[in-house]
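Visitor: Could you walk me through this one? I'd like to start with how far to trust it and then look at some details.

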Amino acid sequence: MIRKTALFPFLAWPRPDRALLRGEALAGLTVGLMVIPQGVAYAALAGMPLVTGIYASMLPALVAVLFSASVRLSVGPTALSCLLIASGLSPLAQPGSPQWIALAVWLALLSGLLQIALGFMRFGWLLNLVNSPVLMAFTQAAALLIIGSQLKGLLGVGASWADWWAAPRVHGPSLAFGLGSLVLLYLAQRWRPAFPSVLVVVLASAGLSWATGYEAGGGQVVGPVPAGLPALYWPRWPGLETLGQLVLPTLVLTLVSFLETASSAKVDSEAQGRRWDQNQDLIGQGLGKIAAGLSGAFPTSSSFSRSALNLYAGAQTGWATIFSVAVVFMALLVFTPVLRYVPQPVLAAIVLVAVVGLVRPRGFVRLWRIARVEAVTALATFAITLLAAPQLYWGVLAGVLMALSHFLYQRLHPRIIEVGLHPDGSLRDRHLWHLDALAPDTYALRMDAALDFAAAAAFERAILEHLAQAPHTRHVCLFAQPINRIDATGVDAFLKICAHLRAHGIVLHLSGLKLPVETTLRRAGWPGAGPGLHLYRTEADTLAALARLHPEPGDMAAAMI
């Protein structure tokens, strides 16, 4: 029977007391005050009406925290997800148009349904398809694109860059609002991360904008933002052709947004000393996306910066998110008139401060020192993401394909070495360390991989090529400890080698054969130990047996007396 807490994780929340609620309320207030202006700024990045950024911070956050395992994450608009939304929809509609809004909602619904399905099918392991170098490179490229997209707003450039270069002109008040907000937000983030600096800057800039007549002087402001709660939104059917064009953006958005969740959830789980339930978080995040779509908003994700702030503010349970949603709810009723006077450069500064920390060139340098092949993959992902803009998904897909190709190449070329006895008593690569053979007329090898369809041909080729080069070989010794799995192709290759060695009068020695591998071989009719085939459980037993096969000259003389 399925437990209620498995279907409704919030039933396992601790019963709140006064002390707990006081701490959760403080954390919720801190995050709520930050998410309001951030949500508006990210909505602009996604090409959506600004109020939808507030909608995306309410019901989606509440639904996600109720049904997720990681209850201390802050769910709502994120810069990377909003950039993916804009890039995925740019070939299909005009930003801000009714068609754009409808397609963004469909993107939220499709992505949410996909995440729920993956969660129920226990497919959280699909996260492993994207390794950290690919994600790091894509994130940095996306961050640069976000920065580039916000520069015009930050500097108050209303025309295109081409027109601006032909007749350069800077709107002084816009530049002052943009750069001033940028500096203040950066300093506050560095020295007082828990302080609601974003909200303070927004309120101060709105007041200053109203007092100085910034809009009348040619400055761009947020403009009227509708107040009131979101109504139920159901988009019209876009047609199969348009829906097909949303498949690829949906897949990439689902993958990247959940990787955003993973980066925060792993930190949270480790801090609490528990295992991360990625499948339950898939379900919770998927339900959050569906709630966003039905609210007329865009797909949501877990914000690493707001989640970190939530933990920093002392959040212990999901009650902090409930308080945060309450703060956003109250702000939606009373705060929207203030947003009307907020300068657009201030919104650009909010986005820039949030993403500038994602640009870390030293990550490529460090990766080059660790693994150059993965560094090349990361650099290619970075370059393709930039060159393919606004279709950013090509960067992720290219990176995933390159990483999988490298993985498959390694599987098809397993490490197979001839071993010798090192002076420290360990078995090491005989040719690398210039070691003697374990015994005369003996080929001792070790394969550091599973004996499956990918490695079977290489395993068979290594033995046959050595026998062709050393026809005097009378013993083959396989140290099988690293072989922890064997499939049907591996069984056929192993039995073929056994038959070949037996036909040529060569004795096979097997050391450390694991029980699952041995069980599979016996099911295939392998007889096990017998004439021409010896089994040993440990390396010490194997080395002792090989020594007895070829006694030293002194031992032979003693045996003749």
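Guide: What follows is a talk through a predicted model, taken topic by topic.

Visitor: OK, what is the mean pLDDT of the protein?

Guide: The mean pLDDT is 89, and 95% of the residues reach 70 or more.

Visitor: And which elements have the lowest and the highest mean pLDDT?

Guide: Among the elements of the protein, helix α25 (residues 553-560) has the lowest mean, 42, while strand β6 (residues 475-479) has the highest, 97.

Visitor: Where does pLDDT stay under 50?

Guide: That happens over residues 554-561, a stretch for which the model has one contact beyond four places in sequence. Where pLDDT is low, the predicted coordinates should not be read in detail.

Visitor: Fair enough. Let's move to α5: is it enclosed or open?

Guide: Helix α5 is largely enclosed by the rest of the structure, because 11 of its 11 residues are buried. Among them are Leu 80, Cys 82, Leu 83, Ile 85 and Gly 88.

Visitor: What covers those buried residues?

Guide: The cover includes the helices α2 (18-45), α6 (98-120), α7 (132-155), α12 (247-272) and α17, and also the strand β2 (301-303).

Visitor: Pick one residue there. Is Ser 81 buried or exposed?

Guide: Ser 81, which is found in helix α5 (residues 79-89), counts as buried because its relative accessibility is 0%.

Visitor: So what does its side chain make a polar contact with?

Guide: The side chain of Ser 81 makes a polar contact with the side chain of Thr 78, at 3.1 Å. Leaving aside residues up to four places away in sequence, Ser 81 touches Leu 253, Ser 257, Glu 260 and Ser 301.

Visitor: Switching to charges: how many salt bridges are there?

Guide: The count comes to 10 salt bridges. One of them is formed by Glu 215 and Arg 340, whose closest N and O atoms are 2.9 Å apart. Glu 215 lies in the loop between α10 (197-212) and α11 (240-245), and Arg 340 in the loop between α16 (336-339) and α17 (344-355), so this pair ties together parts that are 125 residues apart in sequence.

Visitor: Are those two buried or exposed?

Guide: Each counts as partly exposed: Glu 215 has a relative accessible area of 38%, and Arg 340 has a relative accessibility of 26%.

Visitor: What about Asp 448, which residue does it meet in a salt bridge?

Guide: Asp 448 meets Arg 415 through their side chains, with an N to O distance of 2.7 Å. Asp 448 lies in the loop between β5 (442-447) and α21 (456-469), and Arg 415 in the loop between α20 (393-412) and β3 (416-421), so the pair ties together parts that are 33 residues apart in sequence. Asp 448 is partly exposed, with a relative accessible area of 31%, and Arg 415 is partly exposed too, at 43%.

Visitor: And Glu 518, which residue does it form a salt bridge with?

Guide: Glu 518 pairs with Arg 537, the closest N and O atoms being 3.2 Å apart. Glu 518 belongs to helix α23 (residues 515-523), Arg 537 sits in the loop between β8 (533-536) and α24 (539-549), and the pair, 19 residues apart, links distant parts of the chain. Glu 518 is buried, with a relative accessible area of 7%, whereas Arg 537 counts as exposed at 55%.

Visitor: Which residues are linked in a network of salt bridges?

Guide: Arg 411, Asp 452 and Arg 485 are linked in such a network.

Visitor: Now the backbone. Where is the cis peptide bond?

Guide: A cis peptide bond joins Ala 389 and Pro 390, with omega at about 10 degrees, and Pro 390 is in the loop between α19 (372-388) and α20. Most residues other than glycine have a negative phi, and most peptide bonds are trans.

Visitor: Then which phi does Arg 122 have, positive or negative?

Guide: Arg 122, in the loop between α6 and α7, has a positive phi of about 60 degrees although it is not a glycine. Asp 441 likewise has a positive phi of about 60 degrees; its place is in the loop between β4 (427-429) and β5, and at 35% relative accessibility Asp 441 counts as partly exposed.

Visitor: Last one: which residues make the nonpolar surface patch?

Guide: Leu 7, Phe 8, Leu 11 and Phe 120 make a patch of about 400 Å². Leu 7 lies in helix α1 (residues 4-7) and counts as partly exposed, at 42% relative accessibility.

Methods: Residues are numbered from 1 along each chain as its sequence is written. This is a predicted model: local features need pLDDT of at least 70, side-chain atom pairs count only at pLDDT 80 or more; totals for chains, interfaces and linings use all residues. Side-chain values use heavy atoms; hydrogens and water are left out. Helices (H or I, at least four residues) and strands (E, at least two) are DSSP runs, numbered from the N terminus. Buried means under 20% relative accessible area, exposed over 50%, partly exposed in between (1.4 Å probe, protein chains only). A polar contact is a pair of N or O atoms within 3.5 Å; within protein, one must be able to donate a hydrogen and the other to accept it, and residues adjacent in sequence count only if both atoms are side-chain atoms. Contact means heavy atoms within 4.5 Å. Patches are made of residues with over 30% relative accessible area and no salt bridge: like charges are joined within 9 Å, nonpolar side chains (Val, Leu, Ile, Met, Phe, Trp, Tyr) within 5 Å. Accessible areas come from the Shrake-Rupley method with a 1.4 Å probe; for residues, only the protein chains shown count as cover. A salt bridge is a side-chain nitrogen of Lys or Arg within 4 Å of a carboxyl oxygen of Asp or Glu. pLDDT is the predictor's confidence in each residue, from 0 to 100.
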